[in-house]
Amino acid sequence: MSGRFSEEATTAAMHDIAATLGVSSEGAQLLQLTNNAVFALPRSGVVVRIARTHQLLDRVTKVVQLGHWFARIDAPTIRLAPDVEQPVRVGDHVASVWSYVQPQPPAPTVGDLGLVLREFHALDVAAIALPAWDPVGDARRRLADADGLDPNDRDFLVKWCDRLEPQLVALSHREDPKLVHGDAHVGNLLREASGRTVMCDFDATCIGPWQVDLAAVAVGEARFGGTGLHEGLASAYGYDVTSDQSWTVFREARELKMIAAAVPLIRNSPSVAGEFSGRLQSVRRDDPKARWKPFADLAPSRHGIHLSANRHT
């Protein structure tokens, strides 16, 4: 991604945000560079999440509102940085700032994820404006923000959205709405010093069918490989989403999300563009056994800043 949302631009914005907060950015680590540029500032005890597309700026306000609500009800989630007026705006960039959680052993597992999701889904629906689960709408917004997308690929994705949308509407009408994390996988868990496991990354948090959060691991294992991940999650949570009557719809919705996530990035990353094309071809061939590679593994960091892989997109 070039210009205002490039790695260089968001790194500069991170330094400006740190200066605005009066904290040091020395030793900053770039944890993620996809829809957000996520920087950990361990020495200052904060994490800065900078949105990388104007189409998703409204999410920053949403996650800040959620962060305040999570703190009030002691939800199993990370906390916003205290005494910071949020969202934080610096030039063209908008960010949320969170308290840094020093990773503690043992690393979270799918068993932890299942237990945290049960607690998360038991929360009352927040008394704030949260969007309905709408993976098709999200995909359409990414298509609108895409430069360099092949017209044939765009046409296929549009038709996929058109076909899937009424199925998702019918599904949502059948299920009681719950609080849905929207991107539930072990990579979005942290273990606090107390031993408590908490969730992070609420960009996709919404209201919808709770099964959505169980589908991410099942689809991730099928596409990226691994053994026992889905089984471990199902055992801890107490439900096997692949046995759900609407499993094929949940699977398609997740795969659409995993493919559309790359659309704004393909113009400036040949490796991501190649993986995007391979994923799309496997769906066109109706090949559920085709293996994918995580996008984060294809985008090595520059300038000595560490990039951790999110292995579920």
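1. In this predicted model, five strands make up an open sheet, ordered 1-2-3-5-4, with antiparallel pairing. Strand 1 (29-33) and strand 4 (88-90) lie at the edges, each pairing on one side only. Direction ignored, neighbouring strands of the sheet are turned against each other by 25° on average.

2. Within the sheet, strand 3 (residues 46-51) and strand 5 (residues 93-99) run antiparallel and are joined by five bridges. Isoleucine 50 is placed opposite alanine 95 of strand 5. Helix 2 (residues 57-73) packs on the sheet, where it touches strand 3 and strand 5. The direction of helix 2 makes about 25° with that of strand 5.

3. Helix 5 (residues 151-174) merits a check of its length. Its 24 residues, at 1.5 Å a residue, should span 34 Å, and the end C-alpha atoms are 35 Å apart, so the two values agree.

4. Helix 5 is nevertheless bent: the bend is about 30° and is located at leucine 164. A proline, proline 166, follows within four residues. Leu164 is also one of the buried residues of helix 5.

5. At the start of helix 5, the backbone nitrogen of asparagine 152 has a side-chain oxygen of aspartate 150 within 2.8 Å.

6. Which residues of helix 5 are buried? They are Asp153, Leu157, Trp160, Cys161, Leu164, Leu168 and Leu171. The elements that cover these buried residues include helix 4 (135-144), helix 8 (247-260) and helix 9 (270-284).

Conventions: Residues numbered from 1 in each chain as written. Predicted model: local features only at pLDDT ≥ 70, side-chain atom pairs only at ≥ 80, totals over all residues. Heavy atoms only, no water. Helix = DSSP H or I, 4+ residues; strand = E, 2+ residues; numbered from the N terminus. Expected span 1.5 Å × (residues − 1). Bend = angle between axes of the 7 residues up to and from the residue. Buried < 20%, exposed > 50% of the residue type's maximum accessible area, 1.4 Å probe, protein only. Contact = heavy atoms within 4.5 Å. Polar contact = N/O pair within 3.5 Å; in protein donor to acceptor, adjacent residues only side chain to side chain. Pairing = 2+ DSSP bridges. Axes fitted to C-alpha atoms, helices over the stretch in contact; angles between N-to-C directions.
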